[in-house]
Amino acid sequence: EIEPGWHIYWRNPGDAGLATSVDWKIPEGFEISAMRQPVPARIVEPGDIQVFGYKKRVLLWVDVRPPAGIQPGSEVRFSADASWLVCKEICVPGDAAMELTLPVVADAAPVNSEVFAEFRELLPAAGPPPYELAWEQNPAGWNLRVAGIQEGARMDFYAFEAETDLPGHTSGGIVENGAASLKIPANRAVEGLLVRTEPRAAWVV
């Protein structure tokens with residue numbers, strides 16, 4: 001839960017801010033995924049400072065895979081050092097050291113499954129977007145043309161890395177005649193999220 005008016009940041013914080021990070025220490029033989037992050041919001045602050053982050057409520061998590069042949073009756077211990085930045089008119093850094101010890105059992109019922117289900121729905125969709133995409137590079141960066149969009153939608157692009165190669169922000173997401181032309185200020189190839197704002201969905205492109 002995030003206090004009203006405050007926000008934390010996505011993997012690419014944008015023009016300002018700091019991404020939330022977690023340094024895990026896990027038992028030998030276990031595997032851990034990259035952090036799962038729901039699609040963020042583009043937040044426009046005074047002075048046209050644009051950041052990517054989360055307000056009100058968010059769940060950031062990892063998937064953990066135990067080693068084959070793990071035996072019931074033992075315990076496993078996980079620890080993590082987390083750091084984040086939460087901002088409103090001012091920014092406040094935060095950090096926490098966390099530990100969790102779990103028993104190894106043959107069968108267990110999951111807890112908080114409804115919370116995970118809620119936020120899994122907010123992850124980028126699997127697979128390619130259901131649109132026709134065409135990339136074109138020009139002196140101002142990249143132009144991403146998206147065709148086959150229903151009227152009333154609006155498109156956006158959130159780069160995975162900060163768009164600092166060229167000045168400005170992604171623009172041009174208004175849909176006309178079933179297509180939008182997104183102007184992305186970057187002088188190198190970029191990867192990120194193609195975001196449809198209504199109804200909200202996103203795909204990795």
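1. Two strands are taken as paired if DSSP finds at least two bridges between them. On that basis, this predicted model contains an open sheet of three strands, arranged in the order 9-10-12 with antiparallel pairing. Strand 9 (132-138) and strand 12 (179-184) form the edges; each has a single partner strand, so one side of each is left without a neighbour in the sheet. On average, and with direction ignored, neighbouring strands here are turned by 15° against each other.

2. Within this sheet, strand 9 and strand 10 (residues 141-147) run antiparallel and are joined by seven bridges. One residue pair may serve as a reference point when inspecting the model: N138 has G141, in strand 10, as its bridge partner.

3. A second antiparallel pairing involves strand 11 and strand 13 (residues 192-197), which are connected by five bridges. Here M155 is matched with R196 of strand 13 as its bridge partner.

4. How many of the five residues of strand 11 are buried? Five of the five residues in strand 11 (residues 155-159) are buried, so the strand is largely enclosed by the rest of the structure. Both of its faces are covered: M155, F157 and A159 are buried on one side, and D156 and Y158 are buried on the other.

5. H7 belongs to strand 1 (residues 7-14). With a relative accessibility of 3%, H7 is classed as buried, because the cut-off for that class is under 20% relative accessible area. The H7 side chain makes a polar contact with the side chain of Y9, at 3.2 Å. Apart from neighbours within four places in sequence, H7 is in contact with I2, I43, E45, V51, Y54, K55, L85, V86 and C87.

6. C87, one of the contacts of H7, also takes part in a disulfide. A search of the whole structure finds one such bond, and it joins C87 to C91 with an S to S distance of 2.0 Å. The torsion about the S-S bond of C87 and C91 is about 115°, so the disulfide is right-handed. Are the two cysteines buried or exposed? C87 is buried, at 1% relative accessible area, whereas C91 counts as partly exposed, at 43% relative accessibility.

7. The structure holds nine aromatic pairs. In one of them, the ring centres of F30 and F78 lie 5.5 Å apart and the planes stand at 90°, so the pair is edge-to-face. F30 sits in the loop between strand 2 (21-25) and strand 3 (31-32), and F78 in strand 7 (residues 75-87), so the pair ties together parts that are 48 residues apart in sequence. Both F30 and F78 are buried.

8. W61 and F116 form another aromatic pair: their ring centres are 6.0 Å apart and their planes meet at 85°, so this pair is edge-to-face. The pair links distant parts of the chain, 55 residues apart, with W61 in the loop between strand 5 (49-55) and strand 6 (64-65) and F116 in helix 1 (residues 113-120). W61 is buried, with a relative accessible area of 5%, while F116 is partly exposed, at 29%.

9. Ring pairs also link W10, F52, Y158 and F160 into a cluster. Among these residues, Y158 has already been noted as buried on one side of strand 11.

Conventions. Residues numbered from 1 in each chain as written. Predicted model: local features only at pLDDT ≥ 70, side-chain atom pairs only at ≥ 80, totals over all residues. Heavy atoms only, no water. Helix = DSSP H or I, 4+ residues; strand = E, 2+ residues; numbered from the N terminus. Axes fitted to C-alpha atoms, helices over the stretch in contact; angles between N-to-C directions. Buried < 20%, exposed > 50% of the residue type's maximum accessible area, 1.4 Å probe, protein only. Polar contact = N/O pair within 3.5 Å; in protein donor to acceptor, adjacent residues only side chain to side chain. Contact = heavy atoms within 4.5 Å. Disulfide = S-S within 2.5 Å. Phe/Tyr/Trp six-rings, centres within 6.5 Å; stacked < 30°, edge-to-face > 60°.
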